[in-house]
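Reader: I am new to this structure and should be grateful for a close look at a single part, the place where the ligand sits. Please describe that site and what surrounds it.

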Amino acid sequence: MTQEININQIEFLDELFNEWSGFFLKYKMALTELKSDFEIIDLEWRGKYGYSPIEHLKTRMKKPRSLIKKVEERQIPLTLKSIEESIKDIAGVRIVTSFIDDIYMLKEHIENREDIRVIKVKDYINHPKESGYKSLHIIVETEVILSNEILWVPVEIQIRSLSMDFWASTEHKLNYKYQGKHVPESAKKRLVDLSNAAFLLDQKMSDLRNQLLTNAPLLLDSSL
Ligand code: 0O2
């Protein structure tokens with residue numbers, strides 16, 4: 001930057017920065033809350049059953065560039081009020097499971113919690129996206145208890161299996177190279193085929209697990 005900034009501009013930038021930082025704060029709090037909720041579930045399961053449906057978990061705040069792109073796509077005013085009302089994935093949690101069944105078990109758990117309200121479920125596992133993308137998206141509002149008020153903050157929870165996650169992150173990297181350009185049809189088709197192949201692996205793993213779980217009492221008996 002070569003242009004000098006004058007005092008009025010500094011004040012304006014200061015104000016803008018404070019306003020936007022304040023806006024994002026409640027989303028950060030909601031992510032802290034949800035992360036800890038799921039870590040507790042993870043600890044509980046590992047302690048009780050020696051197995052947790054949560055393979056790993058991460059949280060993310062939507063990047064300003066991605067937020068502004070969405071504002072433009074939706075043709076909404078670039079004001080904090082309209083962003084808050086229209087965009088529900090500013091805060092996101094991604095939970096990766098080993099098995100497909102675990103995804104729906106966690107969905108049920110979320111639906112039954114009193115500190116989480118489910119707003120919308122988008123099942124891209126039973127209804128994959130055209131790209132081949134599979135995942136379960138749950139838009140929720142999570143309770144954040146402050147010193148003198150309670151907030152309900154929207155968060156998008158994405159739950160997917162390890163192989164769905166592998167496909168999504170690899171596809172994202174491959175498509176990133178093509179940003180703004182036309183991805184060849186043949187490549188798109190191969191990505192859909194790969195998504196189906198990954199899903200087949202998921203199904204076979206689930207079948208194997210169910211078979212082992214059914215046989216487990218017998219295996220225990222025979223080891224006596
Ligand atoms: P980022 O980087 O996570 O900020 P809507 O039309 O409002 O119902 P919306 O809000 O566009 O739907 O959300 P959608 O399509 O339900 O989910 C968007 C998010 O899902 C994306 O985040 C990705 O994380 C993931 N996603 C959706 N489709 C694909 C895909 O084809 N490939 C991959 N790899 N991921 C996908 P964002 O918004 O792109 O950005």
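Author: In this predicted model, the ligand occupies the largest pocket. Two elements each give two or more residues to the shell around the ligand, namely helix H2 (64–74) and helix H5 (162–176).

The shell itself can be described by number and by kind. The ligand is surrounded by 17 residues, and the closest of these are Lys70, Arg74, Tyr124, Lys129 and Ser131. Sorted by character, the shell consists of nine charged, five polar and three nonpolar residues.

Individual polar contacts with the ligand can also be named. For Lys70, an N or O atom of the side chain is 2.6 Å from an oxygen atom of the ligand. The side chain of Lys62 likewise has an N or O atom 2.8 Å from a ligand oxygen. Gln158 places a polar side-chain atom 3.2 Å from an oxygen atom of the ligand. As for the surface of the ligand, 770 Å² is exposed when the ligand is taken alone, and the protein buries 66% of that area.

Charged side chains may also be considered in the structure as a whole, which holds 17 salt bridges. One of the salt bridges joins Glu85 to Lys81, with 3.1 Å between their closest N and O atoms. Both residues belong to helix H3 (residues 80–86), and because they are four residues apart in that helix, about one helical turn separates Glu85 from Lys81.

To return to the ligand, its setting is thus the largest pocket, with a shell of 17 residues, of which nine are charged.

Technical notes. Residues numbered from 1 in each chain as written. Predicted model: local features only at pLDDT ≥ 70, side-chain atom pairs only at ≥ 80, totals over all residues. Heavy atoms only, no water. Near = heavy atom within 4 Å. Polar contact = N/O pair within 3.5 Å; in protein donor to acceptor, adjacent residues only side chain to side chain. Areas by Shrake-Rupley, 256 points an atom, 1.4 Å probe, with all protein chains shown as cover. 1 Å grid on protein atoms, 1.4 Å probe; cavity = no way out; pocket = protein on both sides within 12 Å on 5 of 7 lines; lining within 4 Å. Sits in = over half its atoms within 2 Å of the grid points. Nonpolar A, V, L, I, M, F, W, Y, C, P; charged D, E, K, R; others polar. Salt bridge = Lys/Arg side-chain N within 4 Å of Asp/Glu carboxyl O.
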